[in-house]
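Here's a quick tour of a single chain, written for someone who likes to know where the cut-offs sit. Have the model open while you read.

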Amino acid sequence: AEDYALTRGEGFGREARRRILLGAYVLSSGYYDAYYNKANALRKVITEDFISVWEKDGVDVVITPTTPAPAWKLGEKSVASDPMAMYLADIFTVTPSLTGLPALSVPCGVVNVEDKKLPLGVQLVGKHGCDNLLFDIGQEIENFQN
């Protein structure tokens, strides 16, 4: 019990603890139907939309930015100072996590912001079982830059 308390209290940062508490709240009996079941139904719709793209439109991979903006300068943002910006930075990576689809993020260049070169990334999202295709395309993107 002492190990559990230490790892849960000290082993996670503030944001991880915040997300764990929010998840526990959403899964509590009083809110299970209100939040979890609705979210699960929405997850199914999103997954079916992707599967439809794969099957009907003949798409092999969906490519998105990894984040909506270049990386921030070191120390520029924090959850404490701008939590919404931090959450929105994850917007493109959330969908594969929710749907269980394989995804890969690779660097794809840099942009100059105030005399600093900040990295950009692209995310590749593929069908279930097509992980090797993502690795192959990711390798091609990295080779193209070199």
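## The turn between β2 and β3

Let's start at E114, which sits in the loop between β2 and β3; helices (H or I, at least four residues) and strands (E, at least two) are DSSP runs, numbered from the N terminus. E114 has a positive phi of about 50 degrees although it is not a glycine. With a relative accessible area of 63%, E114 is exposed (buried means under 20% relative accessible area, exposed over 50%, partly exposed in between, with a 1.4 Å probe and protein chains only).

D115 is in the loop between β2 and β3 too. Its phi is near 65 degrees, again a positive value in a residue other than glycine. D115 counts as exposed because its relative accessibility is 81%. The hairpin of β2 and β3 has two residues between the strands, and V113 stands opposite K116 in β3.

## Ground rules

This is a predicted model, so local features need pLDDT of at least 70 and side-chain atom pairs count only at pLDDT 80 or more, while totals for chains, interfaces and linings use all residues. Residues are numbered from 1 along each chain as its sequence is written, and side-chain values use heavy atoms, with hydrogens and water left out.

## The whole chain

Zooming out, the chain has six helices and three strands, in the order α-α-α-β-α-α-β-β-α along the sequence. Of its 146 residues, 17% are buried. The accessible surface comes to about 10,400 Å², with 59% of that belonging to carbon and sulfur atoms; areas come from the Shrake-Rupley method with a 1.4 Å probe, and for residues only the protein chains shown count as cover.

Take the contacts (heavy atoms within 4.5 Å) between residues at least 6 apart in sequence: 58% of them join residues at least 24 apart.

## Strand pairing

Strand β2 (residues 103–113) runs antiparallel to β3, and nine bridges join the two. Strands pair here if DSSP finds at least two bridges between them. Strand β1 (residues 61–65) is also antiparallel to β3 (residues 116–126), with five bridges. One handy marker is T64, whose bridge partner in β3 is Q123.

Past β1, A69 is found in the loop that leads to α4 (83–88). A69 counts as partly exposed because its relative accessibility is 37%. A69 and G121 are 52 residues apart in sequence, yet their C-alpha atoms are 9.4 Å apart in space.

## Helix α3

How far should the 26 residues of helix α3 span? At 1.5 Å a residue, the answer for residues 32–57 is 38 Å, and the end C-alpha atoms are 36 Å apart, which agrees. The expected span is 1.5 Å times one less than the number of residues.

T47, F50 and W54 are buried in α3. An α-helix has 3.6 residues a turn, so residues three or four places apart point the same way. The buried residues of α3 pack against β1, α5 (91–99) and β3. After α3 comes G58, with a positive phi near 70 degrees.

## A nonpolar patch

L22, Y25, Y31 and Y35 make a nonpolar surface patch of about 400 Å². Patch members have over 30% relative accessible area and no salt bridge; like charges are joined within 9 Å, nonpolar side chains (Val, Leu, Ile, Met, Phe, Trp, Tyr) within 5 Å. A salt bridge is a side-chain nitrogen of Lys or Arg within 4 Å of a carboxyl oxygen of Asp or Glu. L22 is in helix α2 (residues 14–26), and counts as exposed at 53% relative accessibility.
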